[in-house]
Amino acid sequence: MNNTAKKVISIILCASMITGTVGYTTYSAVSANQETKSASSDNNSEKPSEKKNYITEKNETVYVLANADGSINKVIVSDWLKNSAGSDSISDISDLKNIQNVKGDETFTVNNDELVWQSDGEDIYYQGVSEQNLPVGIKITYTLNGRTVSPDEMSGQSGKAVIRFDYTNTAYETVKIDGKQEKIFVPFAMMTGMILDNGIFHNIEVTNGKLINDGNRTIVAGMAFPELKNSLDINKKTLEIPDFIEITADVTNFEMGMTATIATNEIFSNLDTDKIDAENLNDSLTQMSSAMTQLMNGSDKLYDGLCELLEKSGELADGVNRLASGAKSLSDGSKSLVDGASSLDSGTDKIQSGAKQLNDGLQTLVKNNDSLNGGAKQVFDSLLNMANTQIQSSGLSVPSLTTENYAEILNQTIASIDETNVYNQALAQVTDAVNAQKDYIHSQVENTVKEQVKAQISAVVVQQMKDKGITDEMMQNDEVKKQISVLTENNVQAKMQSEEIQTTIDEQTELQIQKAISENMASEEVQEKLAAANEGVQSLINLKSQLDSYNTFYIGLLSYTDGVSQVADGAGTLASGADSLKSGTASLKSGASQLNSGSTELYNGIKKMQNSTPALIDGIKQLRDGSKQLSDGLEEFNEQAIQKLVNAADGDLSGITERLRAVKSVSQNYKAFSGINDGMNGQVKFFFRTDGIQ
């Protein structure tokens with residue numbers, strides 16, 4: 001059952017609960033040509049002294065599974081026999097087929113339609129299938145753009161739609177009123193609900209009902225009383241007692257979920273006709289409308305709670321079976337986990353030792369980074385000081401050379417004294433050639449950085465997997481490898497997009513470009529081109545070439561020490577993870593043993609649960625206790641709504657009162673659908689569920 005179906009049922013159950021407790025029995029069908037028999041009729045020829053042990057009450061719920069047009073597919077009946085006296089045996093009347101005890105192991109014997117249950121003082125809950133005609137029914141018609149169509153034809157259509165529920169009632173008694181024999185029908189209240197998607201249904205209106213809109217869906221709840229106006233002899237022009245519900249809407253790609261309808265006669269069975277007189281009727285007229293509004297609004301407040309309960313109840317049977325299967329797999333798997341935890345514990349010493357050695361070695365290298373970089377910088381500064389002295393001795397006046405400006409100053413100096421400008425031409429050509437490869441250089445740098453990042457992240461991911469108990473052997477599994485690869489790649493992609501990495505890539509790209517220019521300018525090919533330059537220029541060119549060569553070394557050293565730092569960070573994380581892994585394996589081993597013991601107990605408990613009775617109906621019964629506000633609203637409706645019928649009687653209060661009493665009597669006489677013993681109280685409800693249209 002999907003969520004929409006459960007919500008529709010919730011709406012109708014709200015309406016059902018306001019009329020009394022939801023029972024567990026079925027009803028006896030009465031055709032249009034038959035008269036219902038009251039509980040006091042002479043159907044049972046058994047003498048009082050010959051009666052079995054009768055119980056106080058029989059509650060019956062009839063579940064009608066119907067097509068989208070209301071036609072019936074199957075009728076399932078649930079009965080609850082209340083053994084108030086604690087009798088050892090219970091005598092019941094039922095015409096059901098395929099009867100099964102649904103909440104115990106009590107057995108019964110059959111004598112025609114009589115069932116004798118060996119109850120041993122317990123209540124009896126049983127279920128069966130009925131092949132009898134129903135006393136109430138539903139006919140659903142669909143109209144699209146003024147044309148009547150079948151449910152199948154409605155599917156996927158758009159336009160102006162009308163959905164009409166017409167209700168039938170064939171259960172009646174012949175009662176003498178004012179000297180005449182009159183048909184008084186069992187006063188069934190038919191309450192229908194459904195949920196409409198606001199993305200499909202627009203401009204929704206309902207006749208004889210209420211709408212509740214939560215923004216995404218519209219809840220439709222309506223009520224009708226088939227044949228009640230005939231029983232009360234009400235003039236239609238004076239008072240319209242609804243016997244249908246009609247929904248109109250503009251629809252797009254028509255689709256509709258299931259509908260649910262409750263039929264009950266308890267409203268009139270509980271009517272206090274002794275208090276009906278002219279004065280009380282007239283005083284209460286103005287209160288009926290507000291009471292009905294309170295009734296409908298109250299059902300909305302229980303909507304969420306009912307949805308949740310019914311959802312859990314509907315999933316219970318399948319869920320218990322899946323849980324039992326899962327518990328068995330958990331029990332078997334936990335045994336393997338115990339063995340794996342033992343193996344893991346023995347291997348963590350080596351992991352911890354190796355990770356510590358790696359981290360110690362890299363940390364030593366990191367400590368030397370500053371010394372290496374500082375020494376290289378000191379050598380570079382010495383070379384630049386020598387260059388400054390050489391240039392000054394040649395009679396040239398230039399700013400002091402530094403690691404940042406030497407290339408620019410020497411290039412400018414060479415250009416200023418090189419009449420043929422050979423060097424500038426060569427430099428421009430080399431620079432243009434290197435810059436043409438800038439994208440390639442950038443991609444190479446990016447790939448190098450990515451490999452470094454990937455190595456660090458992969459080590460962390462693998463360690464995290466090990467922290468979770470995944471062994472090296474398990475990591476050879478293709479699925480685990482794939483999971484590690486996906487996790488690593490996702491984290492690498494995220495890291496590569498960070499501002500820190502992008503800045504590093506840009507800086508390294510620029511360093512590599514400068515390095516490439518220096519290397520190319522110092523190459524044999526370029527030097528041959530510059531050989532023809534004058535001796536002074538050549539001297540400066542040689543000086544710059546020497547500085548460029550050392551600059552290339554210096555840039556490489558900076559890149560190396562930076563890489564050592566990054567790898568050392570990853571090794572530190574790895575060593576810390578190895579320590580955590582070592583401390584966690586003992587807990588894992590202990591926990592695995594506890595899991596194995598607990599999962600075995602869980603499996604045994606769930607197997608017992610599979611043999612227990614589903615709690616769906618019990619849950620619905622408990623909802624009744626939480627529907628105080630709805631019950632109070634119905635009580636007010638029962639006490640006051642009847643007053644409006646006075647107007648329909650044109651002042652003839654005695655006539656309407658007599659018919660109301662007759663309606664109540666007929667309602668009280670109708671106690672069951674599948675049969676009931678004399679002297680036994682009973683109540684019956686009909687629950688219709690129609691298929692949706694997809």
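A contact here means heavy atoms within 4.5 Å. With that in mind, start with the whole protein in view, remembering that this is a predicted model. Among the contacts with a separation of 6 or more, 79% join residues 24 or more positions apart. Colour by secondary structure and you can look for 18 helices and 19 strands. If you switch to a surface, the protein exposes about 34,600 Å², with carbon and sulfur atoms supplying 47% of that area. Of the 694 residues, 44% are buried.

Next, go to the open sheet of 5 strands. Reading across, the order is S9-S8-S10-S17-S14, and the pairing is antiparallel. Select residues 147-149 for strand S9 and 201-207 for strand S14: these are the edge strands, each pairing on one side only. Turn the view a little and look at how the strands lie against each other: neighbours in this sheet are turned by 25° on average, direction ignored.

Now zoom in on one pair inside that sheet. Select residues 136-144, which form strand S8, together with residues 159-169, which form strand S10; the two run antiparallel and are joined by 9 bridges. For a single example, pick Val-136 and find its bridge partner in S10, Asn-169.

For the last stop, move to strand S13, residues 189-197, and select Ile-195. Is Ile-195 buried or exposed? Its relative accessibility is 7%, so Ile-195 counts as buried, the cut-off being under 20%. Then add Thr-218 to the selection: it sits 23 residues from Ile-195 along the chain, yet the C-alpha atoms of the two are separated by 5.8 Å.

Technical notes
Residues are numbered from 1 along each chain as its sequence is written. This is a predicted model: local features need pLDDT of at least 70, side-chain atom pairs count only at pLDDT 80 or more; totals for chains, interfaces and linings use all residues. Side-chain values use heavy atoms; hydrogens and water are left out. Helices (H or I, at least four residues) and strands (E, at least two) are DSSP runs, numbered from the N terminus. Buried means under 20% relative accessible area, exposed over 50%, partly exposed in between (1.4 Å probe, protein chains only). Accessible areas come from the Shrake-Rupley method with a 1.4 Å probe; for residues, only the protein chains shown count as cover. Two strands pair if DSSP finds at least two bridges between them. Axes are lines fitted to C-alpha atoms, for helices over the stretch in contact, and angles run from 0 to 180 degrees between N-to-C directions.
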